[in-house]
Amino acid sequence: MDAHPPDYATSGQPPAFAELYRRYVSRIYRYALARLGNVEDAQDLTAQTFTAALHGLDHYRGDGSLAAWLTSIARNLAVSSFRSRRPSLPLDAADGLATSQQSPEDLAGSRLRLEAVLTALETLPPDHAEVIRLRFFSELSTAETAALLGKSEAAVKMTLHRALQTLRRRVAADEQEILQP
Amino acid sequence: MNEPHDADHLNEFIDDRLRGKRPAATSTETRFAAQLLDLSAQLQPDAPFVDALAARLTLPATAPSATNASAHRPRPRRQPAFLTWAAVLALAIVLGGLILYAAQPDTVALHPAAVQNATPPPTPVPVGALNPLPILTGGYAQPDSATFDRMWGAGLRWTGLSLDYRAAVADTILEQAHAYIDMASVRGFGVLVSLRGSAAEITTAQEEDFAALADFAARLAALGPMAIEVWPEANLDRAWPTGKIGGASYTVLLRRAYEAIKAANPDVWVISGAPAPTSAEAAFPGRVMNDDTFYAQMARAGTGNYADCIGVHYTQGVVAPMASTGDPRQPIDDDAIRYLVPMLQRAATPFRETTLPLCVTELGYLSPEGLPDVPGPEFEWANDTSVEEQATWLADAIPTMAMLSSVRVALVMIWRVDALSYDYNTISPGYAIIRPDGSCPTCDALTRLQSSP
């Protein structure tokens with residue numbers, strides 16, 4: 001969440017774009033990947049988001065967090081974007097999961113779970129899935145998520161609780177199927 | 001179980017983790033939440049992509065490393081450092097660009113209604129190959145690999161195909177479209193198909209007349225174009241039955257086509273057919289409807305419910321794209337159809353309650369340079385437009401539209417890239433950016449635009 005640095009929002013000044021990019025590119029990418037399910041589309045949506053943000057920087061009124069502003073741009077673009085015509089890269093091509101600290105078994109487990117999570121997300125009601133994406137992948141606070149979705153904070157909390165329960169059960173069920181075909 | 005309490009506890013747990021704390025996961029849900037947060041933290045965009053995007057945005061390479069990318073470890077508090085020289089340069093470029101365009105002579109006075117309602121969401125930018133231009137841009141071109149290569153180098157990422165639907169040869173037309181879409185798609189291009197019907201085949205302009213075209217549009221959508229523009233220029237009687245021209249009638253067709261296209265392929269964008277820019281309604285009653293009247297009727301009839309983008313044409317300009325005065329044609333100097341930005345506002349204003357962007361499905365400047373003459377007396381207004389002006393204005397039009405705050409432009413299609421024929425009594429050679437001598441000054445200008453801030 002935007003705990004650091006002390007608020008661009010309250011300074012009333014347009015943030016330096018390079019800093020904005022450095023700080024939020026990963027979060028927007030994660031949201032995009034969770035939303036679109038493949039690396040290429042996630043990269044495209046991330047690129048679109050920051051390009052649009054650069055052009056629209058004069059519209060940022062400083063009345064909310066930058067993360068929420070960028071995420072709202074990404075959400076709008078995800079709704080209206082053209083879809084890539086290229087075959088989707090499988091998630092095991094997602095470089096983000098390759099770290100030297102992980103053993104091959106850990107990596108295999110990570111990839112399996114990401115696929116299971118994203119697959120299960122698609123089966124949730126759209127508003128449940130979106131709350132999970134906003135809280136876990138875009139790392140928005142409850143208040144930011146509520147503002148973005150036009151809901152009360154209490155509603156967001158309850159939705160997230162129920163969505164997570166459902167997601168957990170479905171991921172577990174998917175993984176059981178994979179392990180025991 | 002006390003669900004509100006459990007929900008509060010779960011959300012507090014997530015918030016603490018996002019703040020870098022390590023609260024104990026004491027429930028099934030918080031343990032799963034912790035796993036999900038850890039999984040999310042591992043998802044990083046790859047460094048080459050981050051650097052390439054930073055370069056495109058004219059920023060220093062800023063790929064987050066794996067060691068500092070996790071959002072869930074405590075972050076060292078750092079001094080605000082957003083006034084690094086690179087950030088200053090980037091900000092200066094952005095502000096300089098805004099100042100430069102604001103200071104242009106003959107700056108556009110926005111329509112008051114457009115200003116009042118000017119809070120559009122950001123403009124959609126490309127999907128597919130990373131778009132090197134400020135707006136996704138393409139051009140109408142014949143299926144020629146050399147032409148496609150030149151387009152790609154100029155930053156054009158879509159190709160356009162105009163189809164004239166005729167029921168008797170529908171299968172043949174579809175075969176041609178299929179071949180075109182495949183050839184363009186395999187080279188990385190998106191394809192816009194501008195689908196026109198025949199006024200003679202919809203004589204009553206009633207809903208039952210539109211079934212055949214809607215079915216055809218569905219078959220076309222199944223071939224995988226990126227977008228289909230449905231029946232442009234329906235405000236002229238060369239495209240629509242005389243005496244039956246109207247935005248409401250057109251919207252019935254659009255609805256049928258939209259539903260058919262989406263049923264066949266929901267990924268295909270439906271672009272409402274751009275009306276022809278014209279102020280000739282009074283001179284030709286029943287045969288012509290002014291485009292602004294037509295747009296207004298479309299909006300009232302619900303076009304916004306049956307389109308992903310509103311089609312617009314601008315092909316009659318003889319002044320720079322940011323100009324709003326200075327057109328030498330008489331007797332009307334301030335006819336909006338002669339100026340790009342007012343033309344866009346004319347199209348956008350009736351749809352301002354929607355979130356729909358504009359798609360400029362034909363952008364072109366006619367130049368007779370290198371040709372024996374303009375294609376006919378009705379095109380003499382273009383006599384003095386040079387190829388250099390054509391190139392400069394087309395290239396300038398892209399950032400001009402990207403900088404607009406009152407309208408959003410999602411797509412621009414240059415009409416045309418190549419000439420349909422070398423018959424200089426037709427209009428395409430003069431509009432084509434690949435000139436008769438094989439040069440392409442517009443391609444050069446667009447290439448320069450790619451590398452400009």
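I'm counting a residue as buried when its relative accessible area is under 20%. Worth noting up front: this is a predicted model.

**Tyr314(B) and its partner.** I looked up Tyr314(B) and got a relative accessible area of 1%, so Tyr314(B) goes down as buried. Next I ran the aromatic pairs over the whole structure, and 15 turned up over all chains. In one of them Tyr314(B) meets Tyr365(B) edge-to-face, with 6.0 Å from centre to centre and 75° between the planes. Tyr314(B) belongs to strand S6 of chain B and Tyr365(B) to the loop between S7 and H12, so this pair ties together parts 51 residues apart in sequence.

**On to Trp393(B).** I checked Tyr365(B) as well: its relative accessible area is 0%, so that ring is buried too. Tyr365(B) also pairs with Trp393(B), this time tilted, at 5.2 Å centre to centre and 55° between the planes. Trp393(B) sits in helix H12 of chain B, 28 residues from Tyr365(B), so I logged another link between distant parts of the chain. Trp393(B) comes out at 9% relative accessibility, which means buried by my cut-off.

**Helix H11(B).** How many of the residues in H11, 340-348 of chain B, are buried? Nine of nine, I found, so the helix is mostly covered. I then asked what covers them: the list includes helices H10 (291-300) and H12 (387-402), plus strands S6 (309-314), S7 (358-363) and S8 (409-414), in chain B.

**Other rings.** I also found a cluster joined by ring pairs: Phe210(B), Trp231(B), Trp240(B), Tyr250(B) and Phe294(B). Last entry: Arg157(B) holds its charged end over the ring of Trp152(B), 3.7 Å from the ring centre.

Definitions and conventions. Residues are numbered from 1 along each chain as its sequence is written. Chains are lettered from A and ligands numbered from 1 in the order in which they are written. This is a predicted model: local features need pLDDT of at least 70, side-chain atom pairs count only at pLDDT 80 or more; totals for chains, interfaces and linings use all residues. Side-chain values use heavy atoms; hydrogens and water are left out. Buried means under 20% relative accessible area, exposed over 50%, partly exposed in between (1.4 Å probe, protein chains only). Helices (H or I, at least four residues) and strands (E, at least two) are DSSP runs, numbered from the N terminus. Contact means heavy atoms within 4.5 Å. Rings of Phe, Tyr and Trp (its six-membered ring) pair if their centres lie within 6.5 Å; planes under 30 degrees apart count as stacked, over 60 as edge-to-face and the rest as tilted. A charge sits over a ring if NZ of Lys or CZ of Arg is within 6 Å of the ring centre and within 35 degrees of the ring normal.
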